[in-house]
Amino acid sequence: MCGIVCYVGKRPAAPLLLDGLKRLEYRGYDSAGLAVQGDKGTRCIKSVGKIEELQAKLNNEELPGQIGIAHTRWATHGKVTEENAHPQTDDNGRIFVIHNGIIENYQSLKEELAGEGHKFKSQTDTEVLPHLIEREMSKNGNSLRDAVRKALRKVDGTFGMCILSSDHPGQVIVARRGSPIVIGVGSDEYFAASDVSALRRYTDQVIYLEDNEMAVLTLEGFEMSTFQNERVARSAETVEWEPDAAEKQGYPHFMLKEIFEQPETLKNALRGRLVPGEGVPKLGGLVPVWEKLMVCRHLIIVSCGTSYFAGLVGRYVFEELTDMLVEVELASEFRYRSLNFRPDTAVLAISQSGETADTLAALREARRKGATLLGMVNVVGSTIARETDAGIYIHAGPEIGVASTKVFTAQLALLTCMALLIGRHQRLPVTYGIELIKALEDLPAKVARVLRRADRIEAAAQKFHKYDNFLFLGRRYLFPIALEGALKLKEISYIHAEGYAAGEMKHGPIALIDENFPTVALVPRIASYDKMVSNLQEVKTRNGPVIAVATEGDDAIHELADEIITIPESHELLTPILATVSLQLFAYYCAGYRGCEIDKPRNLAKSVTVE
Ligand code: AGP
C-alpha cells in the first residue's frame with residue numbers, strides 16, 4: 001500500500017528518492033510527496049496522482065539537499081488531496097513525517113492537541129504525529145530522538161515512519177511498529193524504505209527494524225534503539241536477489257515477466273529441498289518445530305486472496321498425503337470462528353508479502369490460543385516470517401505485479417513438499433515419495449511447455465475478451481484453481497468472473513448459462529475427468545461457449561469445447577500448477593486486449609497492510 005523511502009548521504013537526495021518511489025509504485029498509491037533538506041532549510045513538495053506529476057513539480061523547483069524522505073500514499077483516512085498526502089507537518093512546518101499504517105487513537109489525540117491550540121490542515125490520522133513530536137520538543141525540551149520516542153508511547157495502532165526536522169538538520173529518524181522498515185547500508189550513505197526493492201539498486205546490505213524499534217540515521221552512521229531507549233545491535237544481512245530481478249527485463253509488464261519466470265522460480269523454490277533417493281523433501285525451516293509437528297494432527301491454514309486459494313489446494317494435498325485434519329480459513333474471518341484449538345494444533349500462515357494485516361491478526365489470535373505458528377512467505381525478514389515459530393521461505397524472488405502469479409505456483413509446490421515430508425513420516429511408502437519427487441523435478445520443464453503455447457492462449461483471449469461474465473469450473477484440487485483463475489481475470493481485466501466447484505453448477509449457476517456466458521473448464525485427464533465432461537455437456541446443451549483446459553492429446557474434448565488450452569500430463573497433485581499457468585496467461589491477454597493497466601489494476605495494492 002503506502003511506500004516509504006529515505007536517504008542520508010552525499011549525493012543529491014531528490015533523484016534517489018524519486019527513483020525509490022518509482023520502485024514502490026507497484027504497491028499501489030494515489031498521491032506522493034517528499035521533503036529534502038539542504039543548507040537553506042527543508043523543502044516539501046506533494047502532488048496528487050502519479051509520481052510523474054510530483055516529478056513535473058520538482059523540475060520547476062530548486063530542491064538541493066542530500067537528506068530527504070519520500071512517500072506514496074494509498075488513502076485510508078481522508079480523501080486523495082495534496083493536503084492529505086505525506087509528508088505531514090506540525091503547525092510551524094518544521095517537522096516532517098511520512099507514515100505507513102494507521103494511528104487508531106488519532107481522533108482523541110487530535111482533540112487533545114486541538115484543545116492545546118494545535119491547528120490541523122488534513123483529515124489524516126498521520127498528522128497527529130508531527131504535532132505530538134513538536135509538543136514533546138517545545139513543552140518538555142526533548143531532543144528530536146527523545147521527542148519521537150515519547151510521542152510514540154502515546155500512539156495506538158501501526159506505523160512505519162520517517163521523521164525529518166528543520167531544527168535538527170543532518171538526521172532522519174525511522175521507527176516501526178507493525179509496518180515494515182528496512183535500513184540500507186551503503187558506503188558513506190544510508191537508506192531506509194518500507195520495502196527492499198526501493199533501495200536494492202544502491203546496496204545489498206540491509207537491516208530490518210523489529211517492532212518497537214527506532215533508528216537515527218546521520219552521515220556518520222546509524223544508531224538503533226528500542227522505544228524504551230535500550231541500544232539495539234544487529235548486523236546487516238545480504239539481500240539474495242540481484243537488482244535486475246525487480247526490473248521488467250524487456251517484458252511489457254511485470255506480470256508477464258513473472259508468469260514466464262515460473263520454470264525458474266519453481267526450480268529456486270525447490271532447490272536443495274528434494275532428496276530423490278529417499279523420496280522425502282528437506283525443509284530446514286521446519287526443524288525448530290519438528291517434534292511438535294510430528295504429533296500435530298490438526299492444521300489450520302490462514303491466508304487471504306490468492307494465498308488463500310493456495311491453502312485450499314493445500315488442504316486436498318495434505319488430506320491425501322498425511323493423517324492431518326486440515327482447515328483453511330480466510331484470515332479476515334478467522335477471529336469470528338470459534339475453532340477448536342487442541343494441543344496438537346498448528347497454524348500455517350501463507351503470504352507472499354508476509355505483511356498482510358488480516359493474516360497477521362489471525363496469527364496473533366492463534367498465538368493467544370496457544371497454537372504452534374508456521375509461516376510460508378516470500379519476503380525475507382517480513383513480519384509474518386519473524387512472528388512465526390518456524391517456516392518455509394518461498395524463494396520466488398521479488399513479485400512486483402499486483403496480481404500474484406509466480407509466488408502462487410511456488411506456494412503450491414512447497415505445500416506439496418511439506419505434505420509429502422509429513423506424510424512420509426506418517427504413512428507414505430518410499431516408492432510414493434520417489435515418484436512424487438520425480439514429478440516435482442520434472443515440473444519446471446512442464447511449466448515451460450505450457451508457456452510455449454502462450455500464442456494459443458492469446459488467441460483464445462482475443463476471441464473471448466469482449467464477454468462481460470465468465471464461469472470457471474473445477475473439481476477437487478482444481479476447484480481452488482477455478483477460484484484463482486476467476487480472481488486473476490477480475491483483478492486485471494475487470495471482467496466479472498465466478499469460480500465454482502463444478503458439482504455446484506446445477507445448484508444455481510447453471511441458470512446463468514447461455515451463449516453470452518462462457519465457461520472456462522479445468523478438465524485434464526485426472527480422476528475427476530468423467531464428471532467434468534458431464535458438466536461440460538450440460539453447458540453445451542445450453543449453448544454456453546466453452547474454453548477447456550485439457551491434457552495434451554485428449555481428442556475427445558474437441559466435441560465439447562470451442563477453445564482448447566492444453567497442458568502436459570503430470571502427477572495429479574501437480575496438475576493445479578500447470579492449469580494455473582494457462583489461466584494466468586488467459587487473464588493477462590484478456591486484460592491486454594481490453595486496454596487495462598495490467599501491473600497496477602485500479603483500487604488494488606500489492607501488499608494489504610490494513611484490516
Ligand atoms: C493476488 O493476485 C492478490 N493481489 C491478492 O489477493 C493477494 O493474494 C492477497 O492480498 C494476499 O496477499 P499476501 O499473499 O501478500 O498475503
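Me: Between which strands is the loop that holds N229?
Reply: This is a predicted model, where local features need pLDDT of at least 70 and side-chain atom pairs count only at pLDDT 80 or more, while totals for chains, interfaces and linings use all residues. Residues are numbered from 1 along each chain as its sequence is written, and side-chain values use heavy atoms, with hydrogens and water left out. Strands here are DSSP E runs of at least two residues, helices are H or I runs of at least four, and both are numbered from the N terminus. On that basis, the N229 loop runs between β13 (221-226) and β14 (231-232).

Me: What is phi of N229 near?
Reply: N229 isn't a glycine, yet its phi is positive. The residue sits in the loop joining β13 and β14, and its phi is near 70 degrees.

Me: Which peptide bond is cis, with omega near 5 degrees?
Reply: Look at the loop between β4 (67-73) and β5 (88-89), where P87 lies. The cis bond leads into that proline, going from H86 to P87.

Me: Which helix gives the most residues to the shell around the ligand?
Reply: Start with the shell itself: a residue is in it if one of its heavy atoms lies within 4 Å of the ligand. Two helices, α9 (305-321) and α16 (478-493), each supply at least two shell residues. With 3 residues, the top contributor is α9.

Me: Which residues come nearest to the ligand?
Reply: There are 14 residues around the ligand to pick from. Coming nearest are S307, S351, Q352, S353 and T356.

Me: How much of the ligand's exposed area does the protein bury?
Reply: Try the polar contacts (N or O pairs within 3.5 Å) before the area: the S351 side chain has an N or O atom 2.6 Å from a ligand oxygen, and a polar side-chain atom of K488 is 3.0 Å from a ligand oxygen. The backbone joins in too, as an N or O of V402 lies 3.1 Å from a ligand nitrogen. Taken alone, the ligand exposes 410 Å² (Shrake-Rupley, 1.4 Å probe), and the protein buries 91%.

Me: Which residues does L487 touch, leaving out those up to four places away in sequence?
Reply: L487 is in helix α16, and its C-alpha is 15 Å from that of L330, 157 residues apart along the chain. Contact means heavy atoms within 4.5 Å. By that rule, L487 touches G305, T306 and F309.

Me: How far apart in space are Y432 and A215, C-alpha to C-alpha?
Reply: Y432 lies in helix α14 (430-451) and touches L321, L420, H571 and L573, leaving aside residues up to four places away in sequence. A215 is 217 residues from Y432 in sequence. C-alpha to C-alpha, the pair is separated by 52 Å.

Note on methods. A polar contact is a pair of N or O atoms within 3.5 Å; within protein, one must be able to donate a hydrogen and the other to accept it, and residues adjacent in sequence count only if both atoms are side-chain atoms.
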